Amino acid sequence: MGGQRSTARDARRPAVFSVRTYLVGCVVAALVILLIAEAIVAVHSLSNARHKAAQRADYATTVATAAIKTALDQGKTAISGVARTLSIDAILAAPDKCSLSFSSLGPFTSGHLDVVAPDGRVPCSSLSGHGAPSGASQAGAPWLTTTPSGPSMSGLFTDGLTGRTSVALVAAVGGVGTAGFVVLVLPVDALASDIAAAYGGPEHFDFAVTAGDRVISTSQKAMPVIGSHAGWIESSTDLAVPGWQLVSGRRTAAALAPTRSLLISETVVAAVAFLVAFVLLAVANRRIAVPLRKLALAAGRLGREVTPQPVEVGGPAELRQVAERMNAMIAARVSFEDKLSHDALHDPLTGLPNQALLLDRLATACETAAEANTRAALLVIGIDRFELVNTSLGYRVGDHALIALASRLEGALRPRQTLARLGGGEFAVSLPDAGDRDTALAEAAAVSRIVAQVVDAAGASLTLTASIGVAVAERGWSAEELLRNATTAMHSAKERGGARCQFFEPSLRVRANTRLRLENELSRALERGEFYLEYQPIVSLPSRRITGAEALLRWQNSVHGIVPPSTFVPIAEEIGLINQLGRFALEKACEQAMAWYELGYPMRISVNVSAHQLLTGNFAEQVTDVLAHTQLAPDLLCLELTESTLMEDVLRISTALHALKGHGVSISIDDFGTGYSSLAYLQRFPVDELKIDRSFVGGLDNAADRNLVAAVVALAHALELHVVAEGVEKEEHALQLVRMGCRAAQGYLFARPQSASRVTAQLPRHHIDLDEAVSRSNAG
Ligand code: C2E
Ligand code: CA
Ligand code: CA
C-alpha cells in the first residue's frame, strides 16, 4: 500500500529534472564532496607536517644546545688543567720550548690554545706548534682587562691571531711577578655550520647563533633569525652563554614538500578519477539519457500525431526493448489508422468506395471534366424492391446478392470510373468524361443489363431490376448536386414502376420536393387521424344488388388536400408505415362490415393488402385478432392481393395465405391480367376470386381486350373461382360482361367509392333474412 501511495505521489509531482541533469548532479555532488574532503585532508596534513617539523626543530636545538654546553664545560675544565701545569715565567724564558695542542671540541671544530702574557703578547700558541708566532698578540682583547679568578668565558671579540670572531675561555696562569692566561680561543663564525653538520639531522636543519640582536653565526645566510619568520619553521633555545640563543630552522617549503607532493599525487589521482567519471557521465548520457529523451519525445509524438515516425534508439537492452514495443505500438496505430481511414471511405459489406469517397472523386472528376471541356456524369442505381429481398429471403441472401452485384458491376467498369455503394440496394457509377446525355444513358442501359442477369445469392436465384437515375453535370454543379440530381432521377424511375432509366430534369426536383413534403406529412397523418375509408359497392350483375364493398383508403391532409392512395401507398410502403396503415384499414373495414351485418346486411368486405404486410410482421395473426375483436365472421372478409404481390416470395406468401384461408377468410387476386401469374400459381395459392383489371374492362370495346376478359371469366369458371369485373363505367360493358358469364362487378356505373353512410342509404330498405343473405352471398 505504502509503495502504491508513494508511486501515486511521484506521478502527481511534476518532473523537474531530466535524466541528464540527475547524472550531472550526481557527478558534481561527488566532485564537491571529494574536493571538500581533499581540502580538509590537505589542511590537516600540512598542519601536521608543520607541527612535526617544529617538533624536530625543537629537538635539534635541544641537542645542539646540550652539545655546546658540554663542550664549553669541557673547555673550561681543560684550560683549568693546563693553567695549573704552566708557569708564565718559564714560557717567557723559553718560548720555543712551549708546546700546546688543540683538537676539536664538540661542535667547535676549529679553535686554538694561546698562552697570553699580561701585556697581550702571545708567547705560545697551538696555532704554531712550538713557540709563538712572531709578534703574535692578543693585546686589546677585552678579557685581558679583567683577571678572572677561575676559568671564565669572555664576550665576543676579534681573535688577534686569526681575525675571526671568537669567544675565549680564559684561566689565569701563575708566575713570578707576572701573571698570564691560558686562553682557549673558539671561533664562533663557523659554529652554526658545524652544528648543522653535526646535528642538522636527515632533514638538514639550519642553525644560527645570536647574541642579543646580533647574529654571530649562521649556517645558511638566508635564514631569518630576527624579524619575519615567514617561509621558515624555527625553534630557538637559550644557550649556556648569557644573552646567546641558538636558532634551528628549515624552509617551510622543504619541510612540507613530501606532504605537498603526496597531496599533489592525491589530487592528480582525484583529477584522473573525475576525468573517468566525466567520461562515464558522457557515456551514460549518450547511452541512457539521450535514448531516454528520444523515447520521451517519441511517446509525446505518439500522443499528438496520428501516424508518428518509428523511433530508433541505441543504449541498453531495456531501452531498445521499450523502443521496439513503442514501434510495435506505432505500427499497430498506423495500421489501425489506415484501417479506420479505409473504413471511413469504404462500404464494409462490398468493400466498394462509399458515398464520401464517391463525392471526393466526383469533385475531382467535375473539375477535370471542366478543364477538358467535357462533362462528368453519374448513374445512381437503385435495385428495385430490394428491401423485399431482405425481408422475405433474409439479410444473408440480401448481402450475398449485393456482393455478387457489386463484383459484377465492378468488373464492367472502364478506367477512371468509380463504382460506389450508397447504402441499402443503391449503387452509383461515376462517368468522369461521359460528355453528353446519350452516352450517359447508354452506360445506364448497359448497367441495367448487368443487373438483370440472374444473381445466385446464398442458394437463392434472384432476378433483379434496377431504377437508374442519370445526371450529367452542368457547368458550376458541385459533386453533391450531381449526386442529388442523379438520386432524384433514380427515385423518379422507381416511382414510375422501376426497371427503367430516368434522365434528370429540373422538374423532377420539384416533384421530389413535393414527395419529400408528402413523406413528412404522411409520417404524422395516422396519429392526426387524417385517414378514413370509402367503400365502393360490388354488385351482382344480373340483379345489380349490392353484395359487398371494397374498402378504399383515403388521406385528407391540411396541406396537400385529398391525396390519392396511388400516391401515398407506395410512400407508406417505402417509409415502413404500410403495416400500421393496413391494420387501420382492416380494422375500420371489419368494423363497418360488422355494422352492416348488424343492420341486417351481411355484405362481404374486400380489403386491399400490400406485399409488405404479408411479408413483414405477423399478418395472419393481425387478421384473426381483428376478426376476434370485431366479431366479424371470417367469410365476410376478402383480402385483395395483386398478382405482383403473389410473386414477391412465392413460398412465404403461399404459407401466409394458407394460414388465412384456414381461418375462413377469402383471397382475391386484384388487377388480374396486369401481372405475370401463371396458372400453376393460381392452383398453388388458395385463391377464391379474380378481379379483372379495369384497364381490360375499359377496353371491352376492342376485340383484343374483349377476348381477354372472356378468357379470364372462362378460366375463373374452370378453376371454380369467383370473378369480379373492375372499373365498369358503361352500361354496354355491363351487358357484355353478363353475356360472358361474369356475375359480379364494381365501377362508377354502379357506384363510386363513398362514405359508409351513403352506401348504407343505397341498401334495400326491406329487412334481409340474415341466414338467407349469407347463403346467397356464399353462393356468389
Ligand atoms: P384497386 O385495388 O384496384 O382499387 C380500385 C381503384 O379503382 C380505386 O382507386 C377506385 O376508386 C378505382 N375505380 C373503381 N371503379 C372505377 C371506375 O369505374 N373507373 C375508374 N377509372 N376507376 C375506378 P383508388 O381508390 O384511387 O385506389 C387506388 C389503389 O390504391 C387501389 O387500387 C389499391 O391498390 C390501393 N389502395 C386503396 N386502398 C388501399 C388500402 O387500404 N390498402 C392498400 N394496400 N392499398 C389500397
Ligand atoms: Ca382492390
Ligand atoms: Ca383493382
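**Ligand 1 and its calcium neighbours**

Okay, let me start with Glu550: this residue is buried, with a relative accessible area of 3%, where buried means under 20% with a 1.4 Å probe and only protein chains counted. Glu640 is buried as well, at 1%.

Quick housekeeping. This is a predicted model, where local features need pLDDT of at least 70 and side-chain atom pairs 80 or more, while totals for chains, interfaces and linings use all residues. Residues are numbered from 1 along each chain as written, chains are lettered from A and ligands numbered from 1 in written order, and side-chain values use heavy atoms, without hydrogens or water.

So what do those two glutamates hold? Along with Asn608 and Asp670, Glu550 and Glu640 are protein donors of the calcium ion (ligand 2), 2.0 to 2.3 Å from it; donors are N, O and S atoms within 2.8 Å of a metal, or 3.2 Å for Na, K and Ca, and with water absent sites may look incomplete. Glu550 sits in strand β19 and Glu640 in strand β22, 90 residues apart; strands are DSSP runs of E, at least two residues, numbered from the N terminus.

Which residue coordinates both calcium ions, ligand 2 and ligand 3? That's Asp670, and the ions are 4.0 Å apart.

Asp670 also faces ligand 1: a side-chain N or O atom is 2.8 Å from a ligand oxygen. On the nitrogen side, ligand 1 has a polar side-chain atom of Glu729 at 2.5 Å and one of Gln536 at 2.9 Å.

And β19 comes back here, giving the largest share of the shell around ligand 1, 4 residues.

Note on methods
Polar contact = N/O pair within 3.5 Å; in protein donor to acceptor, adjacent residues only side chain to side chain. Buried < 20%, exposed > 50% of the residue type's maximum accessible area, 1.4 Å probe, protein only.
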